[in-house]
Amino acid sequence: MTAVDETIRTDRPDDGPVLEATGVTMRFGGLTAVNNVGMTVRPGEILGLIGPNGAGKTTFFNCLTGMYKPTEGRVRLLGNDLPPKPRAVVMAGMARTFQNIRLFGNMTALENVMVGRYCRTSSMALTSILRGPKFRREERETRARAQELLEFVGLGKSSEHLARNMPYGDQRRLEIARALATEPKLLLLDEPTAGMNPRETQQASDLIFRIRDSGLAVVVIEHDMRFIFNLCDRVLCLVNGQVLVEGTPGEVQSDPRVIEAYIGGAADDEEGDA
Amino acid sequence: MTDLLQQLVNGLTLGSLYALIAVGYTVVYGIVQLINFAHGEVFMIGAFGALATWTLLFQGTTALWVLPIMILGAVVASVTVAVVMERIAYRPLRGAPRLAPLITAIGISVALQEAVRLFYPGAKSKIPFPQIDVVTGPALSFAGVTVQRAAVFTVGALLMSAALLWWFVNHTRTGHGMQAVSEDKDTARLMGVNVDRIIVIAFALGAFLAAIAGVAQGLLNANVDFRMGFLAGLKAFTAAVLGGIGNIQGAVVGGLVLGVAEALAVGFIPGQFGGSAWKDVWAFALLIIVLVFRPQGILGARVVDRA
Amino acid sequence: MSTSTDIETTYADDAEKVSLWDRIGRPVAPFAWPMVLAGAVILAAGCFLSWSYTDEVLGDLSIDFYPGAVQNLMIIAAVLAVIFALMYRGPFSRLGEWLASATALRVLGLGTTVFMALVIALIGVQAGGLVNVMPGAWISFVGAVLILLGAAGLTPRASKDPLHAHLPSWLEILTIVALLAIVLFGAAYVLDIEDGTVFSLVVLFTGLVAFTLTRAGFFTWVGIIAQTHRRVLMLGAVAVAFLFPFTQDGSDANMSIATQVLIFASTALGLNIVVGLAGLLDLGYIAFLGAGAYVGAMFSHSAFATIGWKPNFLLVVIFGALVSATLGLIIGSPTLRVSGDYLAIVTLAFGEIFRLAMGNLDGQDGPRLTNGPNGIPAIPDLEIGSFNFGETHEVFGITLGRFANYYFLLLVVAAIIITVFTRLNNSRIGRGWIAIREDEKAAEAMGVNTFGLKLFAFAGGAFLAGMAGTIKAHHDVSVTPDQYIFLESAFLLAAVVLGGMGTVAGVLIGATILKLMPEKLRFVADYRLLIFGLLLVLMMRFRPEGLVASKRRQLEFHEEDEELADRVEEVHLVEEQEAKA
Ligand SMILES: Nc1ncnc2c1ncn2[C@@H]1O[C@H](COP(=O)(O)OP(=O)(O)OP(=O)(O)O)[C@@H](O)[C@H]1O
Ligand SMILES: [Mg+2]
């Protein structure tokens, strides 16, 4: 996988945080879905984000990636302030997957990943029409890079399948490949193992380790506690839009407040996993 | 001052007409999120239904008692067309990509116009609409402001229809069912609401009001034309959007606002770009501006796309 | 929005249909095959006898041993039936392993029976009573019925996948060339038919043959070899298009239709970028063609032109395209905030504003630019260099008239537009568009410049339409606002939808059908809009992906069809492998 390592390895200037979010608040009318949440992600770290259903995890991701414009708060990536515009966020180096898979269903797996390359390539209309050498080269490179990434996530053989016809687990991995294609420094994964069987979950966790090893920082939202505690360096627990606990897996696991929060929302939780 | 009042009166008349048609767009949209592009044609069919009733049964009569029967004829024609259209064209497309129903609607619209043009005797050009005692005839005049009798009928029809509609939606079981379906179709279905039936009723309800508008238009203009549905439909859709599509009160308010705005534009925009030549342009410009800058309309609610 | 919960399955009745075939077929099963052969022979034999007592019906079908047009069609059908029968059993049975001969024969049998019934009815109606139907027609009818009954008794067999049919390359190329030749001469032949009824019968028959061959699996194979020999196909298509005027022998009637088709198709292809690729519905697209046409007219040498400056025509073309593109930018700008149905309405409103404005700018209700409802008439023919498009020319002894001149020019424009379309489609930009069509929010979250691409789709499509418009002004001689009504936009959209969104071939076919039919079917001229409206409704109901479905679209509209999905993927895979090899 050396090729991939090269493609997505980042050269960080120093060991400053990759992401620094402070005081992020999102209100929908009367409802405060995310309330004054701060989060710091260090280089090469896997950070877990847990919390009962409706805690505001996905909403927090949406705020980070500019899908929502946070009511208050500030997001800094690699020391630069991020405007709440999805495209700017991706360009700056943060990519995400979606809880409810949002692939381009009628495109092939390869094309999906190639779309991820969009923001790192530059052929414009005229070059595309005239098909000069630059266009050909870029097109070839895009295709090769996309294929590499598919192989990296273990979908090398499915490149010509339409995304909508792929099995659930493959779709989740395809979303990760598509996100990686944007050359992020930080990857946000929203419930990457939802709906997976134990074997697939194991594979997913291996994949996330490999992504981390190639130099990215990763933030993972999950409900599967075993998965999270085994995977993450640090865990943040969100309840009712606020940070309840932050610490190592061990600390969070044994914190009585976390257990209480989960027992309180246990009934919902099972529904959510179904 | 008289000028302004006169334009207001004209505007309210036109607006009432728009409002009556607009309700049809809004009711259907509220329930199936479908822009029934062919609704303007339902309005046109209503006018022809009334005309046909009169020609077949009362040719030559102008007595007022004929009017309710003409309206009945209009309603039967419109509602039949609307319900059949829902059943055979739209229902099979539920769940199809959104492009499909819109193109179907265009097809229906063209087909209905052509069907009337080809098969209604004499419809290739305008046909005179019967003038009925009391509701047409010499215009009334109040302090220098002329008011057509048909205009009084139109505004009256809107008031009565709006009141009836309000009662129907808020005080009948079916009305509650409609509200439930427009809130959340799946939940409504689970709660035992027959969604298909509600959708048909929505179409019928819209057609009912459009039919009345068709009669009103006939009386106002003294003639009907197979093309009358296109522009009126588009204007009414503007009205529905203006008021917040899906919102019934909104449609009424939107219709009146649009009518008045149009009348004022005709009367008060100075220079070359004023006057009736440009009034439709201003109406469409208003439509674009509302869709772009306030798609939720005056009274509607904004829908947020969830990631 | 949760509107998409109840998808009705409409394909469940397939099973019943099969059982109906079997019920008819079972009694005749033992002698099914001879029956088909006999039917074919009888069908053909009948064609050599007189069908009608008078010679005024359907061309002339009254002479023994001198088959008329309609009779020729049935002879072709009989030959096809014999070929398929011999594939089912007999000398061609090797071929029968690849093609679904029994299914094809069923379609053919049913088709010819209906066709013969129709012809007999037409003779009866037009000549005044069934007494005028001569024995020949009845004999052919019996032949057709025999084919039908016999075919019902044959057992359809699974045929091998044409994907694995490896024929010698020259044979494949020969097939393509032959098919193109058939298209060229077929088109010339069909266009020459004066009688509207005969024309419809020929079109009907062409549809029948096409459908038969499709069901046999022939076109699947053609599709595959067309992919392998794309170059040949393209060159051939260009050659056919180029040679077409030479088959017309100086007659302007058909060339005028052909130029109209080209203008219409070019515009529709521009619209296809917006609708088919980027998934944005534009209901005011005709305004772009109109903008180009008005620019062309205003800068022309017409005495009614409103602008004194007369630049070179090439400049006018670019200028028209740019004005149109600017309009496209304006009309596209709301896409920043509006999408879906609302966008469709916004574009419709823009289109209407364009038309109304063109009708108003007559010097009285605004500056004098367009002469209002009268428009700009008397636009002289184009002159590029010393070449005047109004004059006739002799090439190889064949006269090429005014419309032929425009035809060649428009062919160049169409070629440019097709190139732009396909190249953009297969590029970063095209992928961006399709991503937007699929899921705009996700595309944006993946870094696709959604607003820019949407604007570009509008502006680019408008640019192409504007280009075509400047030529249209000269071609049409006059430009008036009522050429650019909403219905025209609906027609353009219909061409795209009817043919197949996102495809080039489909849109060309759609445009041809929509322009050709009303010209040729004069007897339904009054009903053409009614038919058009109903066609749209039926199309959306039964084949929403259009006549020529792009692979993607086909899947999108028939989700439940798993088998199809696998097939499409397989085709794709093989293509890839061959491309690599
Ligand atoms: N666009 C929106 N408008 C209004 N309310 C919203 C919106 N998006 C989210 N919410 C609300 O914000 C709260 C947090 O939702 P969110 O989806 O972030 O939870 P979550 O932690 O991701 O839950 P889950 O584990 O179920 O995915 C919920 O109450 C939800 O209803
Ligand atoms: Mg979530």
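**Strands, ligand shell and chain contacts**

Q: What makes strand 4 (residues 72–77) of chain A and strand 5 of chain A a pair?
A: These strands run antiparallel and are joined by 2 bridges. Pairing requires at least two DSSP bridges, so strands 4 and 5 of chain A qualify. Within this pair, Leu77(A) stands opposite Asn80(A) of strand 5.

The model is predicted: local features need pLDDT of at least 70 and side-chain atom pairs 80 or more, while totals for chains, interfaces and linings use all residues. Residues are numbered from 1 along each chain as written, chains are lettered from A and ligands numbered from 1 in written order, and side-chain values use heavy atoms, without hydrogens and water.

Q: Why are strand 2 and strand 5 of chain A called edge strands?
A: In chain A, 4 strands form an open antiparallel sheet in the order 2-1-4-5. Strand 2 and strand 5 (80–81) each pair on one side only, which makes them the edges. Strands are DSSP runs (E, at least two residues; helices are H or I, at least four), numbered from the N terminus, so the run 80–81 counts as a strand.

Q: What makes strand 9 and strand 10 of chain A an antiparallel pair?
A: Strand 9 (residues 234–239) and strand 10 (residues 242–247) of chain A share 5 bridges in the antiparallel sense. Cys237(A) faces Val245(A) of strand 10 across the pair. The hairpin has 2 residues between the strands, and Asn240(A) takes a positive phi near 50° there.

Q: How do you know which residues come nearest to ligand 1?
A: A residue is near if one of its heavy atoms lies within 4 Å. The shell around ligand 1 has 16 residues, of which Asn53(A), Thr58(A), Thr59(A), Gln99(A) and His223(A) come nearest. Ligand 1 itself lies between chains A and B.

Q: Why does the pair formed by Glu191(A) and ligand 1 count as a polar contact?
A: An N or O atom in the side chain of Glu191(A) is 3.5 Å from an oxygen atom of ligand 1. A polar contact is a pair of N or O atoms within 3.5 Å (within protein, one must be able to donate a hydrogen and the other to accept it, and residues adjacent in sequence count only through two side-chain atoms), so the Glu191(A) pair is included. Ligand 1 also has an oxygen atom 3.2 Å from a backbone N or O atom of Ala55(A), and one 2.6 Å from a polar side-chain atom of Asn53(A). On its own, ligand 1 has 630 Å² of accessible area, of which the protein covers 77%. Strand 2 (31–41) and helix 2 (57–64) of chain A are the elements giving two or more residues to the shell; helix 2 has the largest share, 3 residues.

Q: How much area is buried between chain A and chain C?
A: Buried area is the accessible area (1.4 Å probe) that two parts lose on being put together, summed over both. For chains A and C this is about 3,400 Å², with 59% from carbon and sulfur atoms. Asn106(A), Tyr118(A) and Glu160(A) supply 21% of what chain A buries against chain C, more than any other three residues.

Q: How much area is buried between chain C and chain B?
A: That area is about 4,700 Å², with 73% from carbon and sulfur atoms. In chain C, Asp341(C), Tyr342(C) and Ile345(C) lose the most to chain B, together 14% of what that side buries.

Definitions and conventions. Areas by Shrake-Rupley, 256 points an atom, 1.4 Å probe, with all protein chains shown as cover.
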